[in-house]
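Student: Could you walk me through how to read the surroundings of a bound ligand? I would like the general idea first and then the case at hand.

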Amino acid sequence: MSTLQHTELLGLSNQQLTELVENFGQPSYRARQLLDGLYRQRWSALEQFSNLPKTFRQQLADSGYRLGLPEIEQKFVSLDGTVRYLLRFSDGQSVETVWMPEGDGGEAGDGSEVGDAELRDLEGCHPERSEAALADERSRRVPNTGTGARESNDWHRATICVSSQVGCAVDCAFCMTALLGLKRNLSAGEIVGQVLAVLNHQQVDVDRERINLVFMGQGEPFLNYDNFMQAVRLLAEEAGIPASRMTVSTSGIVPRIADFGQEPVRPKLAVSLNAPSEELRTQIMPITKKWTIAKLVATLRDFPLRQRERLTFEYVLLSGVNDQSAHARELVDLVRGLRAKVNLIALNPGPELPFATPQAARVAEFQNILIKAGIPAYVRRPRGRDIYAACGQLKHTTELIQLS
Ligand code: SAH
Ligand code: SF4
């Protein structure tokens, strides 16, 4: 048996790759070639690096270097087009990564820097858009170069939901990922690798197709902050997905929110609020004991928003628990004065979850109270509930139920 230690190239930055190639006695421009092959070409094996001398590739392989792309262990396709990937890393651990075609259009966040009016026009409010209108929109967006350009019917506009940890330690009462507990952090390469593996599988050309990323899969990104931020920089600077098309969601790790505000390259920020009072939030999100709503909101008031940027509050509605009109009014008082919007998510059910999904009328009433008070509020459409791909359902579930 080989005792060779493996080192993964995916996740290494320009600076780290420059040191690496120089240690092999190679000119520093080889780092750029590696970056290009890893993140732009998205090659999955060292043999594909035709831009490097064969001898150098061999040296890398002999020294235990490999790329580190995760393998697709399983794949579930929803009736709504959502695909839940179970991706396996080299140590056998796996996470979920979700592909949501035609924009998140649902619960994941607003997923766009284009402005909400355009976004609504493109997705949620016009689900009945005709095929002809869709084809027309696509043909306007994809120049036909005559050089193997895509057929108009497989043009991509999609959101990828990315995991940041295997499992999660935060223990929210309504989330199936919490039931896994925390297995381990993901490395920067493993976070980037999820995106690259899905882009490869979906054959996406990031220069022509509009891809949003939401860091809302398994895990709490701000409890794996450095790896998460390194992944963001690599995705933005090397893989070609602008940070303005990324959104990260946190359960409210207050000191990291402050750090995040200082980052020169960063996604938009979403905060999972889920309850308007300390007492109620502590019951469903025990992390509130450590980082209270008061501290959280105070930090958000100081958060340096960019021009036209807004914060997002996510609020999972649990029937009879946090979905009453009085809760909506408390929420209004809490977020008033912040440049923010609220995304309402009716609970995505799971067999082990001790909560029920509220009726649509209750959700609408809750939303109305916010809107009447001048707070933009959206109801997120669940995506891929039938395959356990929706928010809070990521727990490697392989026995699927059909929901009505
Ligand atoms: N850990 C981070 C990011 C992942 S969770 C966070 O909590 O923000 C992404 C979103 O899913 C969060 O807003 C969370 O509140 C929501 N969520 C969790 N469980 C859910 C469920 N069962 N139904 C609907 N949304 C859920
Ligand atoms: Fe972790 Fe987010 Fe689920 Fe809470 S909602 S347990 S923070 S993944």
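Tutor: Let's start with the classes of residue in the shell. In this predicted model, the shell around ligand 1 is made up of 8 nonpolar, 9 polar and 2 charged residues.

Student: How many residues surround ligand 1, and which are the closest?

Tutor: There are 19 residues around ligand 1, and the closest are Phe174, Gly219, Ser249, Ser272 and Asn348. As for secondary structure, E10 and E12 are the elements that each contribute two or more residues to that shell.

Student: What polar contacts should I look for?

Tutor: The idea is to look for pairs of N or O atoms within 3.5 Å. Here, a nitrogen atom of ligand 1 sits 2.7 Å from a polar backbone atom of Phe174. For Gly219, a backbone N or O atom is 2.9 Å from a nitrogen atom of ligand 1. With Ser249 the side chain takes part: one of its N or O atoms is 2.6 Å from an oxygen atom of ligand 1.

Student: Is ligand 1 mostly buried or exposed, going by its area?

Tutor: Compare the ligand alone with the ligand in place. Ligand 1 on its own exposes 530 Å², and the protein buries 96% of that.

Student: What space does ligand 1 take?

Tutor: Ligand 1 takes the space of the largest cavity, which holds about 490 Å³. That cavity is lined by 29 residues, and those closest to its centre are Phe174, Cys175, Met216, Ser272 and Gly392. Strand E10 (246-250) and strand E12 (311-317) are the elements giving two or more residues to the lining. Sorted by class, the lining has 14 nonpolar, 12 polar and 3 charged residues.

Student: How many cavities of 30 Å³ or more does the structure hold?

Tutor: The structure holds 3 of them.

Student: And where is ligand 2?

Tutor: Ligand 2 also takes space in the largest cavity. The residues around ligand 2 are Cys168, Val170, Asp171, Cys172, Cys175, Ala178, Gly219 and Ser251. By class, they divide into 5 nonpolar, 2 polar and 1 charged.

Student: Which residue could I use to link the two shells?

Tutor: Try Gly219: it is among the closest residues to ligand 1, and Gly219 is also one of the residues around ligand 2.

Definitions and conventions. Residues numbered from 1 in each chain as written. Chains lettered and ligands numbered in written order. Predicted model: local features only at pLDDT ≥ 70, side-chain atom pairs only at ≥ 80, totals over all residues. Heavy atoms only, no water. 1 Å grid on protein atoms, 1.4 Å probe; cavity = no way out; pocket = protein on both sides within 12 Å on 5 of 7 lines; lining within 4 Å. Points joined across faces, edges and corners; volume = space filled by probe spheres on them. Helix = DSSP H or I, 4+ residues; strand = E, 2+ residues; numbered from the N terminus. Nonpolar A, V, L, I, M, F, W, Y, C, P; charged D, E, K, R; others polar. Near = heavy atom within 4 Å. Polar contact = N/O pair within 3.5 Å; in protein donor to acceptor, adjacent residues only side chain to side chain. Areas by Shrake-Rupley, 256 points an atom, 1.4 Å probe, with all protein chains shown as cover. Sits in = over half its atoms within 2 Å of the grid points.
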